[in-house]
Amino acid sequence: MSKNKPGVVFAHGLWADGSCFQKLIPTLQAEGHDVMASQHGLNSLKGDVDCVIQCLGRVNGPVVLVGHSYGGTLITHAGMDSRVGALVYICALAPDETETSQGQLNKFPTTQVFSHIEVADGRIWLKPSGTAHFCGDLTEADQKLVWATQGVPVPDLFDQKLAGVAWKTKPSWYVMGTNDHTVHPDLQRAASKRMGATVVETNSSHVPMLSQPDKVLDAIRKAAAAIQKA
């Protein structure tokens, strides 16, 4: 791989593990980027952030850090690392210093997906009926695959807090899903405006990296080009 190309590290959220980036990784690798997708356990915010930071050392820098959903919280904190040159948020949370992930969610209307979850065995699970509100623009077979590979969090994960807000100092891009039934589009608009991000709008569900990968790839390419130029 070309050592002139920035590395790319992905951070997944809830109910979609690192395999949700499957339509992005091969293309980025073919274009010469080192790529890693953090596979974190959703047991603690600190533990998940640490997993993302550990991946930074496995790719060529500077790094474009990409976070989906709760992964946005992770890159907000992990992005404080000096090896990170840019941030790309995909339908993502991006809490400020005074907020937790849940605190940011609570400022906006509750979305439909939260009527299709259950707590069992110390975890929050997405019910099969929830995929229509999580990844409803995918085929039925792909929705079943997302459900079968879901990452399942501990119940208090969104109430945990860490210091550091990388979007205040790092250039940011935000891929918005205007038909998202998981992270409210109004939250996405407010978050992207607050961070001064370059916004890419899609009419997607919560998973544009699976339903409209070209638009997500374009945002990552632009972030990589910007830090490469800098």
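## Thr100 and the start of α4

In this predicted model, a polar atom of the side chain of Thr100 lies 2.9 Å from the backbone nitrogen of Gly103. Thr100 itself sits in the loop between β4 (84–90) and α4 (101–105), and it counts as buried because its relative accessible area, 17%, is under the 20% limit.

When the neighbours within four places in sequence are set aside, the residues in contact with Thr100 are Pro95, Phe158, Asp159, Gln160 and Lys161. One of these, Phe158, appears again below, since Phe158 is among the residues that line the largest cavity and is also one of those nearest the centre of the largest pocket.

## Tyr174 and its partner Tyr89

Tyr174 is placed in strand β7, and with a relative accessible area of 0% it is buried. The side chain of Tyr174 reaches the backbone oxygen of Ala92 at 2.6 Å. Beyond the neighbours within four places in sequence, Tyr174 is in contact with a set of residues that includes Tyr89, Cys91 and Ala92, and also Gln188, Ala191, Ser192, Met195 and Val200. The C-alpha atoms of Tyr174 and Val88 are 5.8 Å apart in space, although the two residues are 86 places apart in sequence.

The count of aromatic pairs in the model comes to 5. In one of them, the ring centres of Tyr89 and Tyr174 are 6.1 Å apart and the ring planes meet at 10°, so this pair is stacked. Because Tyr89 belongs to strand β4 and Tyr174 to strand β7 (residues 172–177), the pair ties together parts that are 85 residues apart in sequence. Tyr89, like its partner, is buried, with a relative accessible area of 0%.

## The aromatic cluster and the enclosed space

Elsewhere, ring pairs link Trp15, Phe114 and Phe134 into a cluster, and each of these three residues is also found in the lining of the largest cavity. The structure holds 1 cavity of 30 Å³ or more, and the volume of the largest cavity is about 80 Å³.

Besides the three aromatic residues of the cluster, the lining of this cavity includes Leu14, Ser69, Leu93, Leu105, Phe158, Thr182, Val183 and His206. By class, the lining of the largest cavity divides into 8 nonpolar and 3 polar residues, with no charged residue.

## The largest pocket

The largest pocket encloses about 270 Å³ of space and is lined by 22 residues. Those nearest the centre of the pocket are Gln102, Leu105, Asn106, Phe114 and Phe158; of these, Leu105, Phe114 and Phe158 are named in the lining of the largest cavity as well. The lining of the pocket is made up of 15 nonpolar, 6 polar and 1 charged residues.

## Helix α3 under cover

Helix α3 (residues 71–78) is mostly covered, as 8 of its 8 residues are buried. The buried residues are Gly71, Gly72, Thr73, Leu74, Ile75, Thr76, His77 and Ala78. Their cover includes the strands β1 (7–11), β3 (63–68) and β4, together with the helices α2 (45–56) and α4.

## The loop between α2 and β3

Arg58 lies in the loop between α2 and β3 and is exposed, with a relative accessible area of 62%. Its C-alpha atom is separated by 8.8 Å from that of Gly7, a residue 51 places away along the chain.

Pro62 is placed in this loop too, and the peptide bond that leads from Gly61 to Pro62 is cis, with omega near -5°. As a general matter, most peptide bonds are trans.

## Two residues with positive phi

Most residues other than glycine have a negative phi. Cys91, by contrast, has a phi near 45°; Cys91 is located in the loop between β4 and α4 and is buried, with a relative accessible area of 0%. Cys91 is also among the residues in contact with Tyr174.

Asp121 likewise has a positive phi, near 55°, but its setting is another loop, the one between β5 (117–120) and β6 (123–126). Where Cys91 is buried, Asp121 counts as exposed, because its relative accessibility of 76% is over the 50% limit.

Terms used
Residues numbered from 1 in each chain as written. Predicted model: local features only at pLDDT ≥ 70, side-chain atom pairs only at ≥ 80, totals over all residues. Heavy atoms only, no water. Helix = DSSP H or I, 4+ residues; strand = E, 2+ residues; numbered from the N terminus. Buried < 20%, exposed > 50% of the residue type's maximum accessible area, 1.4 Å probe, protein only. Polar contact = N/O pair within 3.5 Å; in protein donor to acceptor, adjacent residues only side chain to side chain. Contact = heavy atoms within 4.5 Å. 1 Å grid on protein atoms, 1.4 Å probe; cavity = no way out; pocket = protein on both sides within 12 Å on 5 of 7 lines; lining within 4 Å. Points joined across faces, edges and corners; volume = space filled by probe spheres on them. Nonpolar A, V, L, I, M, F, W, Y, C, P; charged D, E, K, R; others polar. Phe/Tyr/Trp six-rings, centres within 6.5 Å; stacked < 30°, edge-to-face > 60°.
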